[in-house]
Amino acid sequence: MCEQADLFFAMGSSLVVYPAAGLPSLAKNNGARLVIINRDPTDQDDDADAVINASIGETLTAINKAIQQ
């Protein structure tokens, strides 16, 4: 599914434990946009199209609210 994604969200992960940490790169290398939502920076932040260093719950609530307006 990573190879077919248009948009990939990596949320709440330090992205250091493989094989799961390789999924964002797999998606990105196959044309997906990459968004990382994590309280702390990750080693993959430079590869992301957007990085949000905040709480997942607060971020998703804000996104949901914005979509519904």
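This report describes the strands, helices, loops and selected side-chain contacts of a predicted model.

**The sheet**

The model contains an open sheet of three strands, arranged in the order E1-E2-E3 with parallel pairing. Strands E1 and E3 occupy the edges and have a single partner strand each, so one side of each is left without a neighbour in the sheet. From one strand to the next, the twist averages 15 degrees.

Strand E1 covers residues 7-11, and strand E2 covers residues 33-37. The two pair in the parallel sense over five bridges. Within this pairing, Leu7 stands opposite Arg33 of E2, and Phe8 stands opposite Leu34 of E2. Between the two strands the chain passes through helix H1, residues 23-29, and this β-α-β crossover is right-handed.

In a regular strand, side chains alternate between the two faces of the sheet. Strand E1 shows such an alternation: Phe8 and Ala10 point to one face and are buried, whereas Leu7, Phe9 and Met11 point to the other face and are not buried.

A second helix, H2, comprises residues 56-68 and lies across E1, E2 and E3. Helix H2 runs at about 130 degrees to E2.

**The loop between E1 and H1**

Most residues other than glycine have a negative phi, and most peptide bonds are trans. The loop between E1 and H1 holds Leu15 and also Pro19. Leu15 is a residue other than glycine with a positive phi, near 55 degrees. The peptide bond from Tyr18 to Pro19 is cis, and its omega is near 20 degrees. Is Leu15 buried or exposed? Its relative accessibility is 8%, and it therefore counts as buried, the cut-off being under 20%.

**The loop between E2 and E3**

Strand E3 spans residues 50-52, and Asn38 is located in the loop between E2 and E3. Asn38 is buried, because its relative accessible area of 11% falls under 20%. Which residues surround it in the model? Apart from its neighbours within four places in sequence, Asn38 is in contact with Gly12, Ser13, Ser14, Ile52, Asn53 and Ala54. In addition, a polar atom of the Asn38 side chain lies 2.8 Å from the backbone oxygen of Asp40.

**The salt bridge**

The count of salt bridges comes to one. It is formed by Asp49 and Lys28, whose closest N and O atoms are 2.7 Å apart. Asp49 belongs to the loop between E2 and E3 and Lys28 to helix H1, so the pair ties together parts that are 21 residues apart in sequence. Asp49 counts as partly exposed, and Lys28 likewise counts as partly exposed.

The table lists the accessibility of four residues discussed above.

| Residue | Relative accessibility | Class |
|---|---|---|
| Leu15 | 8% | buried |
| Asn38 | 11% | buried |
| Lys28 | 27% | partly exposed |
| Asp49 | 39% | partly exposed |

Key:
Residues numbered from 1 in each chain as written. Predicted model: local features only at pLDDT ≥ 70, side-chain atom pairs only at ≥ 80, totals over all residues. Heavy atoms only, no water. Buried < 20%, exposed > 50% of the residue type's maximum accessible area, 1.4 Å probe, protein only. Helix = DSSP H or I, 4+ residues; strand = E, 2+ residues; numbered from the N terminus. Pairing = 2+ DSSP bridges. Right-handed = clockwise from strand over helix to strand, strands pointing away. Polar contact = N/O pair within 3.5 Å; in protein donor to acceptor, adjacent residues only side chain to side chain. Contact = heavy atoms within 4.5 Å. Axes fitted to C-alpha atoms, helices over the stretch in contact; angles between N-to-C directions. Salt bridge = Lys/Arg side-chain N within 4 Å of Asp/Glu carboxyl O.
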